[in-house]
Amino acid sequence: MLDKNGIAKRIAKEIKDGYYVNLGIGIPTLVANYIPDGVNVVLQSENGLLGMGPFPLEGDEDPDLINAGKQTITTLPGSAIFDSAMSFGMIRAQKIDLTILGAMEVSENGDIANWKIPGKMVKGMGGAMDLVASAKNIIVAMQHVNKAGESKLLPTCTLPLTGVRCIKKIVTELAVLDVLPEGGFKLLERAPGVSVAEIREATAGKLYADDDVPEMVID
Amino acid sequence: MINKVVANADEAIADIMDGKTLMLGGFGLCGIPENCIAALVKKGTRNLTCISNNAGVDDFGIGLMLKQHQVKKMISSYVGENAEFERQLLSGELEVELIPQGTLATRCLAAGYGMPAIFTPAGVGTEVAEGKEVRNFDGKDYLMEYAFDADFAIVKAWKGDTTGNLIFRSTSRNFNPIMAMAGKITIAEVEELVEVGELDPDHIHTPGVYVHRIFQGKDYEKRIEQRTVRKRD
């Protein structure tokens, strides 16, 4: 079973040289720490920055320079700043190659829910609906089961949707899965030490698995 | 040149009456019009509809107006850092319309560009789409979203000149230039107000035609919401 950093490490392997990438809040943010040497990527922060750098050194933080998680950050040589309309313009126009975001639930037809728990959590969708509606390539980083042990990979989402039929790839603490165009989760890789039976047990939606599913290579 | 300068925030917001619709620039606490928010809190204007990406935190930004129950309705994309907001929302004291961030931005843009509506795929198939016209272009569904209609836009810029030209700094730009374009009356507070001719025309982000009032702001706190740093060796 992977921890959060393990999930981030595995996702980082999906990033290709030359990509412009939007990282969501939570596990996706950790992916930036594991981008392999020699792979040149530009990180977009949807509050209006391309070329997001690391956190500033102590004392160098600038209140005018934050990321979409409101954290103080830095720019890099080649960075560009723009307004919020242009930021979502480049997302809508599919100039961003890859979006990585978290989810509370994903359904077997690729629907995602990650913004609202009725009566409990009313934080809002931020940029998530724009990202999932427009991105050509989305990877979801999520926990396979919730704290009560219930599957979050479902036949249909129970929470209010963020987007419909938009998710194609999921990385969890247990597995890497594709969402098939005709519906259903296809098991591609197992986390180290996790069996197909355990993944099947943790997946409420339809799961397709070959007899021999390879174990992830993450280092 | 036309002179747009007013003395201070109190004068800039003096004619904002109860029940008006305001746009407020900023992302989180970054680039928010601190002086005008303080003046609105002091004036006690009520029943306001506020269009702003976020709602501040409990004791800063729009959170200060929420605490005084000055806001009737918030139109935002993310309000997660404000416990008082969440309390007022769940108790029904506050009306809220949550809309996707790109939709929020582009509805500002449409207003500033004189376009009545835009089409966006954000929210198709979700509760955001309820009651909205859906149009299909090249096999993909889009929602029709209307340009905002705001009585006042209140923005914060880094530098501005007396005729209202604005330059923003770093990611405090965010919603400020597009809201500046979208208000019927636009008020800009700036960290540094300069004479005409001192800003390079090639470097202007918001042309003064969009700005009706400008003033030299003061005492900026520029609070940081999430201070994240690397240790020095």
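Between chain A and chain B of this predicted model, an area of about 4400 Å² is buried, and carbon and sulfur atoms contribute 57% of that area. Within chain A, the residues that lose the most area to chain B are E58(A), D64(A) and K70(A), which together make up 18% of what that side buries. In terms of residues, 49 from chain A are in contact with 50 from chain B.

The polar side of this interface can be described by counts and by one specific pair. The rule finds 7 salt bridges across the interface of chain A and chain B. E58(A), already named among the residues that lose the most area to chain B, has a side chain that meets the side chain of K231(B) in a salt bridge, with an N to O distance of 3.5 Å. Between the two chains, 33 residue pairs are in polar contact, counting pairs in which both residues have pLDDT 80 or more. On the side of chain A that touches chain B, the elements that give two or more residues are α3 (84–92) and α4 (128–134) of chain A. The residues of that side comprise 22 nonpolar, 14 polar and 13 charged.

Chain A itself can be considered next. Its secondary structure comes to 5 helices and 13 strands. Along the principal axes, the C-alpha atoms of chain A fill a box of roughly 50 × 40 × 30 Å. The radius of gyration of chain A is 17 Å, which agrees with the value near 17 Å for a compact globule because the chain has 219 residues. Of these 219 residues, 58% count as buried. Among the contacts in chain A that join residues at least 6 apart in sequence, 62% are between residues at least 24 apart.

Helix α3(A) belongs both to this fold and to the interface, as one of the elements giving two or more residues to the side that touches chain B. Its buried residues are S84(A), A85(A), S87(A), F88(A), M90(A) and I91(A). These buried residues pack against β2 (42–45), β3 and α4 of chain A, together with α5 (101–113) and α6 (176–182) of chain B. At the N-terminal end of α3(A), D83(A) acts as a cap, with a side-chain oxygen 2.9 Å from the backbone nitrogen of A85(A). Just after the helix, Q94(A) takes a positive phi of about 60°.

Strand β3 (residues 49–52) of chain A, against which α3(A) packs, contains L49(A). L49(A) counts as buried because its relative accessibility is 0%, under the 20% limit. Its C-alpha atom and that of S87(A) are 38 residues apart along the chain and separated by 7.7 Å. Leaving aside residues up to four places away in sequence, L49(A) touches several residues of chain A, including L43(A), L65(A), I73(A), I81(A) and F82(A), and also T171(B).

A contrasting case is Y20(A), which lies in strand β1 (residues 20–23) of chain A. Y20(A) is partly exposed, because its relative accessible area is 35%, between the limits of 20% and 50%. Beyond its neighbours within four places in sequence, Y20(A) is in contact with V42(A), L50(A), K95(A), I96(A), D97(A) and L98(A). The C-alpha atoms of Y20(A) and T99(A), which are 79 residues apart along the chain, are separated by 8.9 Å.

Key:
Residues are numbered from 1 along each chain as its sequence is written. Chains are lettered from A and ligands numbered from 1 in the order in which they are written. This is a predicted model: local features need pLDDT of at least 70, side-chain atom pairs count only at pLDDT 80 or more; totals for chains, interfaces and linings use all residues. Side-chain values use heavy atoms; hydrogens and water are left out. Contact means heavy atoms within 4.5 Å. Buried area is the accessible area (1.4 Å probe) that two parts lose on being put together, summed over both. A salt bridge is a side-chain nitrogen of Lys or Arg within 4 Å of a carboxyl oxygen of Asp or Glu. A polar contact is a pair of N or O atoms within 3.5 Å; within protein, one must be able to donate a hydrogen and the other to accept it, and residues adjacent in sequence count only if both atoms are side-chain atoms. Helices (H or I, at least four residues) and strands (E, at least two) are DSSP runs, numbered from the N terminus. Ala, Val, Leu, Ile, Met, Phe, Trp, Tyr, Cys and Pro count as nonpolar, Asp, Glu, Lys and Arg as charged, and the others, Gly among them, as polar. The radius of gyration is taken over C-alpha atoms; the globule rule is 2.2 Å times the number of residues to the power 0.38. Buried means under 20% relative accessible area, exposed over 50%, partly exposed in between (1.4 Å probe, protein chains only).
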